[in-house]
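Subject: Structure for you to look at

Hi there,

Here is the structure I promised to pass on. Have a look at it first, and then read my notes underneath.

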Amino acid sequence: MEKKEILIVINTMGRAGAEKSLISMLKSFDYAKVQVSLLSILNRGELFSDVPSDVRILNDNPSTEPILGVGGTHYIIKEVTRRLLHKMYFLKFIPSALKNIILQFKNNKSFQPDKLLWAMLADTTAKIDKRFDLCIAFIEGASTYYCIDKINAGKKIAFVHVNYEKAGYLPAFDYKYYLKADYICCISEAVKLVFNQIYPDFTEKTYLFPNIILPDEIRANAVKDRGFTDDFDGIRLVTVGRLHPQKGYDIAIQAFAKLLSEGYSNVRWYVIGDGNEKARLMKLIKKHNLTSNFILLGSRENPAPYVAEADIYIQPSRFEGFPLTLQEALILHKPCLTTNFEGVSDLLKNGKNAVIVDLSEDDIVSALKMLIDDEEMRNRLSEGTKGIDFNFTNCVPFLYSVM
């Protein structure tokens, strides 16, 4: 039987939640049934090296250098400039950019350049001269625009990984793309609810498709490498996530400063991840005299050993779809403290398998005091994680069924 052809398009292959979920999905396909091709709009990211050998990578000479951090920023600036200058594309870009900027201020009262550039990056990515049975735009923005506008496919699926409203996307701009998608897959019920409130016309073609994670692989990764190398013997708090305003690190730093000022000195908070917020966060850490206690470890190829060695895992986000990092901590049976973003109750029960608080200094401090002081509670939360069902066996068969 002839194999079905699937194309998956993503914005970058950096080490972030959607990209890690993509790798897990790629490992879940039956390659006797399908031929999978992968295209990244930006030709860079560490996770290119994790793509299974059965997958055909369509990027020429993909770079496994980080997309986040200073080097990644320089690459993006250079790539954006190159594309704008190529064949005088900026002449086409300026009118649409001005329209987009007006829409941003009208809808969000702020300017978010990434929302402006995704459309340009999609438009300047070369077409693929081939017909696919299925094209999957695995994330919002450029991959969705490219999949809808430039790919010839029998069916098209657009994925939504975030709270669409809070992420700052523009319904007036995006409507025409989601209109043309055959299916829209949201990673949590909360993400789906918000999306359908904004786009009620698309409710009938919107489906739940959770992030695929591989629990056995996560547990194996936790013992594969060494984690902490310092000799600290106090309470370790760990957060994994890119350094971005969405993740709430500014509130976390202020809360942690308050915690230490109230006598909880034998505690360290480690953050694993990189991003453009690093310089600002370092200033905030120094301002509160936390350089020895609130530690930005940077990106790690395998953060699982650090999570496994944590006493408490913390997710202080302003909003999320449902973070893969939090799910990984639950798989490793860590007691978790998380803010009450939409969707958190899809998987967690306050006091049973996690502590859920509002995003405020006082609430985070109160919860940390309770967890630090009460080892029995931490053990009870850890036990509670063992009842969570991480079964994603129906996800990939859904993709097969739509072709």
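Below is what turned up, grouped by topic. Please keep in mind that this is a predicted model.

**Salt bridges**

There are 15 salt bridges in the structure. Three of them caught my eye.

Glutamate 5 pairs with lysine 130, with 3.4 Å from N to O. Glutamate 5 belongs to strand S1 (residues 4–10), while lysine 130 sits in the loop between helix H4 (113–123) and strand S4 (131–137), so this bridge ties together parts that are 125 residues apart in sequence. Glutamate 5 has a relative accessibility of 17%, and therefore counts as buried, the limit being under 20%. Lysine 130, at 32%, counts as partly exposed.

In a second bridge, the side chains of glutamate 217 and lysine 27 meet at 3.0 Å, N to O. This one links distant parts of the chain: glutamate 217 is in helix H8 and lysine 27 is in the loop between H1 and strand S2 (34–40), 190 residues apart. Glutamate 217 is partly exposed, with a relative accessible area of 32%, and lysine 27 is partly exposed as well, with 39%.

The third joins glutamate 262 to lysine 369, where the closest N and O atoms are 2.2 Å apart. Glutamate 262 lies in the loop between helix H9 (249–261) and strand S9 (267–272), and lysine 369 lies in helix H13 (residues 361–373), so the pair ties together parts that are 107 residues apart in sequence. Glutamate 262 is partly exposed at 34% relative accessible area, and lysine 369 counts as partly exposed at 25%. Elsewhere, Glu79, Arg82 and Arg83 are joined into one network by salt bridges that share partners.

**A buried lysine with no salt bridge**

Which side chain of opposite charge is nearest to lysine 205? That is aspartate 182, but at 6.8 Å away; lysine 205 is buried and has no salt bridge. A salt bridge needs the nitrogen and the carboxyl oxygen within 4 Å, so this pair does not qualify. The side chain of lysine 205 instead reaches the backbone oxygen of alanine 181 at 2.5 Å. Lysine 205 is in the loop between helix H7 (189–198) and strand S7 (206–208). Leaving out residues up to four places away in sequence, lysine 205 touches residues including Tyr178, Leu179, Tyr183 and Ile184.

**Threonine 12**

Threonine 12 is in the loop between S1 and H1 and is buried, with a relative accessible area of 9%. The side chain of threonine 12 makes a polar contact with the side chain of glutamate 19 at 3.3 Å, and a polar atom of the threonine 12 side chain lies 3.2 Å from the backbone nitrogen of glycine 14. Beyond its neighbours within four places in sequence, threonine 12 is in contact with Glu19, Ser40, Leu42, Arg44, Ile67 and Trp118.

**A pocket and a covered helix**

The second largest pocket holds about 490 Å³ of space. Its lining has 24 residues, and Lys20, Asp50, Glu217, Asn221 and Glu301 lie nearest its centre. Helix H1 (17–26), helix H8 (215–224) and helix H12 (324–331) each give two or more residues to that lining. Glu217 is also the partner of lysine 27 in the salt bridge above.

Lastly, helix H5 (residues 142–150) is mostly covered, with eight of its nine residues buried. Among them are Tyr145, Tyr146, Cys147 and Lys150.

Best wishes

Notes
Residues are numbered from 1 along each chain as its sequence is written. This is a predicted model: local features need pLDDT of at least 70, side-chain atom pairs count only at pLDDT 80 or more; totals for chains, interfaces and linings use all residues. Side-chain values use heavy atoms; hydrogens and water are left out. Helices (H or I, at least four residues) and strands (E, at least two) are DSSP runs, numbered from the N terminus. Buried means under 20% relative accessible area, exposed over 50%, partly exposed in between (1.4 Å probe, protein chains only). Lys and Arg count as positive and Asp and Glu as negative; His and the chain ends are not counted. A polar contact is a pair of N or O atoms within 3.5 Å; within protein, one must be able to donate a hydrogen and the other to accept it, and residues adjacent in sequence count only if both atoms are side-chain atoms. Contact means heavy atoms within 4.5 Å. On a 1 Å grid over the protein atoms alone, a cavity is a set of points where a 1.4 Å probe fits but cannot get out, and a pocket is an open set with protein on both sides within 12 Å along at least five of seven lines; lining residues have an atom within 4 Å of a point. Grid points are joined across faces, edges and corners, and a volume is the space filled by probe spheres set on the points.
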